[in-house]
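Got the viewer open? Here is a tour, stop by stop, with what to select and what you'll find there.

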Amino acid sequence: MLPSLIAQIVIGTTGFVAAILFLYGLKRMSSPDTAASGIRVAGLGMLVAVLAAFLYAFDVDAAARPHLGVNLGLAALALAIGGSIAWWAGRTVKMTAMPQMVALYNGLGGGAAGAIAAVELFGNRAVGVTQLVVTLLGALIGAISLSGSLIAWAKLDSILKRPLQFRAQQAINAVVAIAMLAVAVLIVVAAEGLALPLSLPELICVFFGLALLLGILATLPIGGADMPVVISIYNACTGVAVGLEGYVLQNPALMIAGMVVGAAGTLLTLLMAKAMNRSVTSVLFKAYGPAKKHAHGAMTGSEKPIEAGDAAIFMRYAKSVIIVPGYGLAVSQGQQKLYDFVKLLLAAGVGVRFAIHPVAGRMPGQMDVLLAEAGVPYDMIFQLADINDQFATTDVALVIGANDVVNPAARTDKSSPVYGMPILNVDEAKHAYVVKRGQGKGYAGIENALFYAPNTEMVYGDAAAVLTKMIEAVRGLGSAAA
Amino acid sequence: MTTQLTVNDFTGLYIFMLAAFAGWVVIGNVPAILHTPLMSGSNFVHGIVVVGGLFVLLNASTGLEQAIGFAAVLLGAGNAAGGYAVTVRMLAMFKPSDAKPHRKRHVRAGHHRAKKA
């Protein structure tokens with residue numbers, strides 16, 4: 001019995017250490033200076049906990065003892081396969097594809113929590129009703145998180161193109177949810193020994209089927225613009241599911257790590273929804289809907305095109321430039337060219353700053369990551385609240401591939417779908433250039449008065465191509481002067 | 001099993017309450033610039049579920065339990081390894097102005113600078 005006692009003590013201690021390292025790591029991740037070390041601290045906690053988990057081998061149930069050799073082999077195999085494939089994918093995925101990658105990994109975690117619950121349920125291992133109810137709760141949250149995250153991944157990866165909306169969708173979801181809960185109650189009843197038309201394993205299969213279906217149905221109607229919020233919700237959900245299964249397995253490390261993520265994910269969800277001017281309930285239950293026809297005649301003036309080179313030279317002789325990058329920049333992979341252009345401006349003595357809207361990109365903070373990838377130092381990057389009152393004193397605002405987040409209608413036009421959303425006050429700058437693919441509308445499908453303003457000029461074209469021309473123009477200037 | 005720590009219903013509730021509070025406070029001060037890495041980092045942390053998967057798999061006594069336990073470890077390992085890989089990649093990109101400029105655009109596996117204590 002001594003080995004099993006030692007195993008328990010080591011597993012308990014490493015779990016405790018892991019919980020501390022997770023919390024300390026997340027704390028360090030909350031500042032750019034220490035963030036890179038924060039993830040390593042958390043990673044160390046994970047490594048210690050996973051290695052120690054193999055000591056469970058000294059403390060297995062009597063029934064499992066004959067299978068121990070096979071089980072250990074399976075465990076090593078699953079770790080190697082799952083770990084290496086995910087590691088390779090995480091190392092090679094493009095930075096622009098990061099949101100769907102996070103959704104995918106999150107779904108895996110939800111699936112793992114659901115699988116743990118399934119073993120507990122099929123084996124009827126729960127001691128008492130409370131433990132059984134907690135197992136079921138973790139199972140349904142994990143399963144919903146799995147299928148929902150996979151749908152979110154498919155949508156962001158453009159495998160699923162359009163939000164799928166049909167009539168009575170909410171009613172159908174409600175019916176599925178109620179049926180799922182009813183089956184959960186039946187499982188509790190069956191586990192207590194009452195005879196039912198369906199056996200316990202059959203009920204468990206139906207239960208998981210309904211939970212997975214609910215995750216799919218609940219995510220299908222949600223539009224691409226709301227996906228970051230949805231991923232964040234599922235991230236919190238997986239955390240809660242892991243925490244609940246941690247309780248079932250009597251493992252405090254899982255309970256703490258899971259619930260910390262559950263709370264952190266919830267807070268992050270609220271912050272994102274707020275930045276997008278959406279409530280969490282409207283994301284989940286009200287589709288964004290096609291924008292109401294906005295009278296084109298309401299726009300006065302016209303869009304004035306300008307050549308990329310002329311705009312570049314104007315900026316070269318400006319005192320201050322604020323750059324507002326949007327998803328269009330990421331799509332054309334123009335971040336590196338943008339930073340090359342910025343370096344030319346800096347060399348010419350122009351003051352350059354980046355202004356990032358909270359939802360620039362497809363996920364809050366994604367634009368910061370993309371700029372960081374291109375080498376832009378983070379002290380040149382400013383968030384909306386810190387820079388918004390400085391547009392008025394800035395010579396040029398350069399908008400690249402952003403639209404709705406610079407639409408002044410959000411401040412002025414109560415009938416606009418974006419009304420009330422915090423926007424970057426580009427229209428207050430002395431001069432604005434907007435780099436845009438064509439004369440189309442933004443994600444919300446509405447007109448943008450900024451484009452028609454007298455001091456705004458439009459540079460049409462792919463962001464990367466436009467920036468190449470801008471770099472050439474400024475370089476040409478340099479050689480002509482020399 | 002007698003020496004095993006038991007978490008009864010109420011201690012469970014206390015652990016959940018305190019952990020949730022800690023998570024809320026720790027993340028509360030994160031600047032928007034780190035939101036995506038943070039989402040990814042917290043995603044990595046719930047990869048600890050792989051430990052639960054290992055427990056279940058090692059205690060499996062039927063073919064069904066072995067199969068589901070295998071899936072749990074497989075998925076949990078994917079969550080942990082993938083979450084770590086993408087978070088490290090993202091955070092390695094954040095550099096202040098005074099830092100030496102980096103030529104590399106893509107950090108590749110195995111290139112961990114030997115700065116670990």
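Select A:D462 and A:R437 to begin: the two form a salt bridge, with the closest N and O atoms 3.2 Å apart. This is a predicted model, so read each distance as a property of the prediction. A:D462 sits in the loop between β6 (456–460) and α17 (463–481) of chain A, and A:R437 in the loop between β5 and β6, so the bridge ties together parts that are 25 residues apart in sequence. Colour by accessibility and the partners separate: A:D462 counts as partly exposed at 25%, while A:R437 is exposed at 62%.

Next, pick A:D427 and A:R411. Their side chains meet in another salt bridge, 2.6 Å from N to O. Here A:R411 belongs to helix α16 of chain A and A:D427 to the loop between α16 and β5, so parts 16 residues apart in sequence are tied together. Both ends are partly exposed, A:D427 with a relative accessible area of 23% and A:R411 with 36%.

Stay in that loop between α16 (409–412) and β5 (431–436) and click on A:S416. Is A:S416 buried or exposed? With a relative accessible area of 8%, A:S416 is buried. If you want a ruler exercise, draw a line from the C-alpha of A:S416 to that of A:I356: they are 60 residues apart along the chain and separated by 22 Å.

Now go to A:N388, in the loop between α15 (384–387) and β4 (396–400) of chain A. What does the side chain of A:N388 reach? It reaches the backbone oxygen of A:I423, at 2.9 Å. Show the surroundings too: beyond its neighbours within four places in sequence, A:N388 is in contact with A:I423, A:L424, A:N425 and A:E428. At 12% relative accessibility, A:N388 counts as buried.

For a whole element, select α14(A). Nine of its nine residues are buried, so the helix is largely enclosed by the rest of the structure. The buried set includes the charged-looking names you might want to click on, A:D368 and A:E373 among them. Right after the helix comes A:G375, with a positive phi near 100°.

Time to bring in the second chain. Show chain A and chain B as surfaces: together they bury about 9,200 Å², 75% of it on carbon and sulfur atoms. The contact takes 110 residues from chain A and 90 residues from chain B. Across this interface there are 14 residue pairs in polar contact. On the chain A side, the elements that each supply at least two residues include α1 (2–28), α3 (68–92) and α14 (366–374). The largest share, 17 residues, comes from α3(A). By type, the chain A side divides into 73 nonpolar, 27 polar and ten charged residues.

How many salt bridges are counted between chain A and chain B? The count is one. Zoom in on A:R125 and B:E65, whose closest N and O atoms are 2.9 Å apart. Keep A:R125 selected and add A:D61, since these two also form a salt bridge, at 3.5 Å between the closest N and O atoms. A:R125 lies in the loop between α4 and α5 (128–156) and A:D61 in the loop between α2 and α3, so this pair ties together parts 64 residues apart in sequence. Both are partly exposed, A:R125 at 26% and A:D61 at 28%. Shared partners join A:D61, A:R125 and B:E65 into one network. Over all chains, the structure has six salt bridges.

Last stop: the rings. There are five aromatic pairs over all chains. Select A:Y56 and B:F55: the ring centres are 4.8 Å apart and the planes at 70°, so the pair is edge-to-face. A:Y56 is in the loop between α2 and α3 of chain A and B:F55 in helix α3 (residues 49–58) of chain B, so the pair joins two chains. Both residues are buried.

Then compare A:W87 and B:Y84, with centres 6.0 Å apart and planes at 20°, so this pair is stacked. A:W87 lies in helix α3 of chain A and B:Y84 in helix α4 (residues 63–92) of chain B, so here too the pair joins two chains. A:W87 is partly exposed at 26%, whereas B:Y84 is buried at 14%. Add B:F44 to finish, and you have the aromatic cluster of A:W87, B:F44 and B:Y84.

How values were computed
Residues are numbered from 1 along each chain as its sequence is written. Chains are lettered from A and ligands numbered from 1 in the order in which they are written. This is a predicted model: local features need pLDDT of at least 70, side-chain atom pairs count only at pLDDT 80 or more; totals for chains, interfaces and linings use all residues. Side-chain values use heavy atoms; hydrogens and water are left out. Contact means heavy atoms within 4.5 Å. Buried area is the accessible area (1.4 Å probe) that two parts lose on being put together, summed over both. A salt bridge is a side-chain nitrogen of Lys or Arg within 4 Å of a carboxyl oxygen of Asp or Glu. A polar contact is a pair of N or O atoms within 3.5 Å; within protein, one must be able to donate a hydrogen and the other to accept it, and residues adjacent in sequence count only if both atoms are side-chain atoms. Helices (H or I, at least four residues) and strands (E, at least two) are DSSP runs, numbered from the N terminus. Ala, Val, Leu, Ile, Met, Phe, Trp, Tyr, Cys and Pro count as nonpolar, Asp, Glu, Lys and Arg as charged, and the others, Gly among them, as polar. Buried means under 20% relative accessible area, exposed over 50%, partly exposed in between (1.4 Å probe, protein chains only). Rings of Phe, Tyr and Trp (its six-membered ring) pair if their centres lie within 6.5 Å; planes under 30 degrees apart count as stacked, over 60 as edge-to-face and the rest as tilted.
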